[in-house]
Amino acid sequence: MGLPTPDEGVRARLAEVFRIEYARVVASVLRIVRDIDTAQEVVQEAFEQALDHWPAEGIPDRPGAWLLTTARRRALDHLRRTRRAGARVDALAHAGLGATHPAPDVSDPDEIPDDRLRLIFTCCHPALPADSRVALTLRLVGGLSTTEIARAFLVPEPTIAQRLVRAKRTIRDGGFPYEVPEEAERSARLSAVLAVLYLIFNEGYAAHSGGDLVRHDLCEEAIRLGHVLAELMPHEPEILGLLALMELQASRAAARTEVDGRLVLLEDQDRFRWDRERIARGLACLERAGPLARAGPYQVQAAIAACHAEARSWEATDWSRIVAHYRALAALTPSPVVELNLAVAIGLAHGPAAGLAALDRIVDPALRDYHLLPAARADFLRRLGRAREAAVEYRRALHLADNPREQAFLAARLAACEAGGSSPP
């Protein structure tokens with residue numbers, strides 16, 4: 001295989017910049033054009049312009065700033081062409097965004113988080129259905145594809161596409177303000193915002209697409225936006241709970257794969273590879289969030305993650321305490337995925353037969369195509385020595401899984417069961 005051509009290198013770099021900078025550029029352009037579809041079109045044009053210029057001129061030292069400046073200028077051109085500029089363009093020009101004034105430092109970290117926060121709360125407007133709020137913000141802020149969002153929701157891809165179209169139309173036709181709401185309204189809209197951040201984090205922590213199990217950029221982006229929210233709303237315990245949860249889970253990211261990319265389960269992870277600084281930050285956030293007696297769902301999930309972080313080994317894990325936390329979580333936010341996790345915890349606290357029985361009581365159709373349900377059944381069957389039945393479940397999980405690393409792990413477990421063993425070599 002030959003070395004990549006310069007154009008291929010530029011395309012690869014631009015794809016990387018797209019993942020990192022897309023939300024930042026869309027948010028900034030949307031502040032000018034006030035229309036989501038137009039903002040996306042302008043940003044797409046800016047990326048196409050980069051593809052035209054960078055191969056010949058070289059990749060800029062600050063590619064994100066180059067894209068942001070280019071997109072903003074295109075946005076102003078769009079306003080002028082459509083004769084909707086008026087006083088807004090004059091004001092922006094006087095502020096330094098016009099062609100006759102120097103371009104601003106568009107990578108200023110004090111400016112960009114505010115733009116993104118405006119974008120998040122616009123997408124999470126209460127006039128939108130809850131599922132549309134989350135989907136739209138994942139698309140615009142998280143930069144996830146429609147396919148990735150559909151997998152996160154466990155729904156068909158056309159359903160997500162329709163939600164996105166309807167949500168953008170509702171925002172446009174309703175003239176929703178592109179701004180961070182006042183404090184009272186912020187509190188009411190916070191749950192949808194937190195759901196968005198956690199779904200972005202989860203897509204990074206267990207990526208559905210691509211060859212990597214973990215997409216660190218998405219994890220870091222979710223955590224970063226969580227810190228922005230915590231600064232804006234410092235007295236909201238659920239923000240701190242979500243931050244604690246993400247920090248504690250991210251602390252294990254490096255130990256989740258072998259050097260060759262193979263998946264390593266929590267049971268087999270080298271705990272010396274866990275990021276102790278992240279664990280300390282997560283535990284501190286959980287402490288700041290307040291007592292669990294009045295906890296919300298993110299605080300409870302963080303408490304579960306803390307049980308793992310504080311255990312010196314897999315065998316020392318307090319599974320009975322984790323079962324209690326999952327029961328509390330199921331009471332707060334009942335869902336099939338919570339029931340699945342509770343069943344797994346029951347099996348680890350009280351034995352694989354008890355876990356298998358708990359799994360068999362889950363009949364929610366939303367889990368029909370969720371690969372972790374047959375994977376959990378397979379694991380308990382394997383622990384019970386029922387290798388043939390376990391192989392059937394591993395085969396089903398392998399068929400449903402879409403991450404190559406998870407597929408490789410499940411294939412190894414399947415091969416071991418078919419060979420009559422209880423675990424892969």
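Rings of Phe, Tyr and Trp (for Trp, the six-membered ring) form an aromatic pair if their centres lie within 6.5 Å; planes under 30 degrees apart count as stacked, over 60 as edge-to-face and the rest as tilted. The model on screen is predicted: local features need pLDDT of at least 70, side-chain atom pairs count only at pLDDT 80 or more, and totals for chains, interfaces and linings use all residues. Residues are numbered from 1 along each chain as its sequence is written, and side-chain values use heavy atoms, with hydrogens and water left out.

**Stop 1: aromatic rings**

Select Tyr198, Phe201 and Tyr298, which form one aromatic cluster. A search of the whole structure finds 4 aromatic pairs. One of them is Tyr198 with Phe201, a stacked pair at 6.3 Å centre to centre with 10° between the planes. Both residues sit in helix α10 (residues 190–205), and because they are 3 residues apart there, about one helical turn separates them. Helices (H or I, at least four residues) and strands (E, at least two) are DSSP runs, numbered from the N terminus. Tyr198 and Phe201 are each buried. Buried means under 20% relative accessible area, exposed over 50%, and partly exposed in between (1.4 Å probe, protein chains only).

Next, select Trp314 and Trp319. This aromatic pair is edge-to-face, with 5.1 Å from centre to centre and 65° between the planes. Trp314 is buried, as is Trp319.

**Stop 2: Glu267**

Keep Trp314 shown and add Glu267, which lies in the loop between α12 and α13 (276–289). Glu267 has a relative accessibility of 30%, so it counts as partly exposed. Leaving aside neighbours within four places in sequence, Glu267 is in contact with Trp314 and Arg383. Contact means heavy atoms within 4.5 Å. Ser313 can be added too: its C-alpha lies 8.4 Å from that of Glu267, while the two are 46 residues apart in sequence.

**Stop 3: helices α17 and α18**

Arg383 leads to the next selection, α17 (residues 352–360) with α18 (residues 372–383); these helices pack at an angle of about 150°, with their axes 9 Å apart. Therefore α17 is roughly antiparallel to α18. Axes are lines fitted to C-alpha atoms, for helices over the stretch in contact, and angles run from 0 to 180 degrees between N-to-C directions. Angles under 35 degrees count as roughly parallel, over 145 as roughly antiparallel, 65 to 115 as roughly perpendicular and the rest as oblique.

Where do α17 and α18 meet? On the α17 side are Pro352, Gly355, Leu356, Leu359 and Asp360, and on the α18 side Leu373, Ala376, Arg377, Phe380, Leu381 and Arg383. By class, this contact has 7 nonpolar, 1 polar and 3 charged residues. Ala, Val, Leu, Ile, Met, Phe, Trp, Tyr, Cys and Pro count as nonpolar, Asp, Glu, Lys and Arg as charged, and the others, Gly among them, as polar.

**Stop 4: helices α11 and α12**

Select α11 (residues 216–232) and α12 (residues 237–250), whose axes come within 10 Å and cross at roughly 155°. Therefore α11 is roughly antiparallel to α12. In α11, the residues to show are Ala222, Ile223, Gly226, His227, Leu229 and Ala230; they meet Ile239, Leu243, Met246, Glu247 and Ala250 of α12. The classes in this contact of α11 with α12 are 8 nonpolar, 2 polar and 1 charged.

**Stop 5: Glu16**

Finish with Glu16, found in helix α1 (residues 6–33). Glu16 is partly exposed, at a relative accessible area of 33%. Add Asp217: the C-alpha atoms of Glu16 and Asp217 are separated by 9.8 Å, and the two residues are 201 apart along the chain.
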